[in-house]
Amino acid sequence: MAALPVPLLALALLLLAGCGGPGAAGQRRKEMVLSEKVNQLMEWASKRSVIRMNGDKFRRLVKAPPRNYSVIVMFTALQPHRQCVVCKQADEEYQILANSWRYSSAFTNKIFFAMVDFDEGSDVFQMLNMNSAPTFINFPAKGKPKRGDTYELQVRGFAAEQLARWVADRTDVHIRVIRPPNYAGPLMLGLLLAVIGGLVYLRGSNLDFLYNKTGWAFAALCFVLAMTSGQMWNHIRGPPYAHKNPHTGQVSYIHGSSQAQFVAETHIVLLFNGGVTLGMVLLHEAATSDMDVGKRKIMCIAGIGLVVLFFSWLLSVFRSKYHGYPYRYGSL
């Protein structure tokens with residue numbers, strides 16, 4: 001093989017040194033593509049905290065490498081004809097979480113929040129073999145999503161605080177959730193104080209109503225029924241009101257697991273507990289009141305009927321959540 005002249009050899013060496021070889025050129029192309037992706041996502045995030053994606057955007061910015069950022073994607077169905085009430089409720093919490101991250105001082109391009117609506121990206125649902133909504137998935141900066149990268153909506157609920165804990169666990173990005181001001185609580189408190197103040201003003205010095213045992217007992221009973229039905233769990237976890245099967249259209253008001261519940265389920269349990277309580281009150285009145293025997297018998301029968309009916313329904317709910325529970329009301 002003939003040797004190159006010295007000037008040509010020097011030029012070739014300079015070109016190789018400047019280009020760095022084929023590997024360096026490929027690396028530069030990857031960096032350029034990555035830079036374009038990040039710039040595009042940052043531009044969209046500056047306009048909207050949750051980036052709406054169709055199939056093309058999802059494949060290019062989320063699925064295709066290179067990527068040095070995580071993307072939290074909410075797969076949902078928000079169009080009115082889908083009638084997904086849970087999707088709308090989850091979207092509100094998701095927007096709160098994304099806004100809390102977008103407008104925080106710690107905001108970086110390490111993580112982005114996106115959304116794929118079924119009517120805008122049905123091909124994405126098919127690609128991921130997804131048949132339910134809403135669903136939250138974390139697409140990590142490296143590798144494919146693992147089992148823990150799919151959010152357990154039925155267990156944790158969709159409250160922004162719960163989502164933030166999951167995001168921190170999967171990405172090490174800690175988001176302080178900042179909710180918009182809610183004046184409902186202060187308004188209700190002010191209304192209650194106004195009512196109490198009005199009663200005190202109207203009654204003057206006669207404050208005997210404050211010593212009414214029946215009134216205090218009724219208030220305490222309402223509080224106990226609300227707490228025992230799971231209202232505090234709803235407040236902490238933020239579960240959906242109910243669940244609608246996207247294939248059959250069947251709506252479930254009782255969660256099938258003992259580790260979670262729906263809001264409708266707490267209302268049902270509250271009603272059943274109230275029915276049992278009313279039955280017990282009627283039985284007590286039938287045993288202790290001074291009414292004639294006929295009325296006391298009617299109250300006794302009504303009380304027994306309420307206790308049997310509502311307590312059996314409570315056991316049915318319990319059996320549906322604790323599979324294999326062996327007892328029924330008739331076997332107790």
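**Aromatic pairs and cysteines: exercises**

In this predicted model, the torsion about the S-S bond of C84 and C87 is about 70 degrees, so the disulfide formed by these two cysteines is right-handed.

**Exercise 1.** Determine how many disulfides the structure holds, and establish whether C84 and C87 are buried or exposed.

*Solution.* Begin with the distance between the sulfur atoms, which for C84 and C87 is 2.1 Å; because a disulfide requires the sulfur atoms to lie within 2.5 Å, C84 and C87 qualify as a pair. The structure holds one disulfide. Turning next to accessibility, both C84 and C87 are buried.

**Exercise 2.** Classify C222 and C300 by their relative accessible area.

*Solution.* The cut-offs needed here are that buried means under 20% and exposed over 50%, with partly exposed in between. C222 has a relative accessible area of 37%, and therefore counts as partly exposed. C300, at 28% relative accessibility, is likewise partly exposed.

**Exercise 3.** Describe the geometry of the aromatic pair formed by Y69 and F112, and work out which parts of the chain this pair links.

*Solution.* A search of the whole structure finds 14 aromatic pairs. In one of them, the ring centres of Y69 and F112 are 5.6 Å apart and the planes make an angle of 85 degrees; since planes over 60 degrees apart count as edge-to-face, the pair of Y69 and F112 is edge-to-face. As for location, Y69 belongs to the loop between helix 3 (55–63) and strand 2 (70–76), whereas F112 lies in strand 3 (residues 111–117), so that the pair links distant parts of the chain, 43 residues apart. The last step is accessibility: Y69 is buried at a relative accessible area of 0%, and F112 is buried at 2%.

**Exercise 4.** Carry out the analysis for Y94 and F113, giving the arrangement of their rings and the elements in which they lie.

*Solution.* The centres of the two rings are 5.8 Å apart, with 70 degrees between the planes, and the pair of Y94 and F113 is edge-to-face. Y94 is found in helix 4 (residues 85–102) and F113 in strand 3, so the pair ties together parts that are 19 residues apart in sequence. Y94 is buried, with 1% relative accessibility, and F113 is buried as well, with a relative accessible area of 2%.

**Exercise 5.** Identify the ring over which the charged end of K57 sits, and do likewise for R102.

*Solution.* The charged end of K57 sits over the ring of W44, at 4.6 Å from its centre. For R102, the ring is that of Y103, with the charged end 5.5 Å from the ring centre.

How values were computed. Residues are numbered from 1 along each chain as its sequence is written. This is a predicted model: local features need pLDDT of at least 70, side-chain atom pairs count only at pLDDT 80 or more; totals for chains, interfaces and linings use all residues. Side-chain values use heavy atoms; hydrogens and water are left out. Rings of Phe, Tyr and Trp (its six-membered ring) pair if their centres lie within 6.5 Å; planes under 30 degrees apart count as stacked, over 60 as edge-to-face and the rest as tilted. Helices (H or I, at least four residues) and strands (E, at least two) are DSSP runs, numbered from the N terminus. Buried means under 20% relative accessible area, exposed over 50%, partly exposed in between (1.4 Å probe, protein chains only). A charge sits over a ring if NZ of Lys or CZ of Arg is within 6 Å of the ring centre and within 35 degrees of the ring normal.
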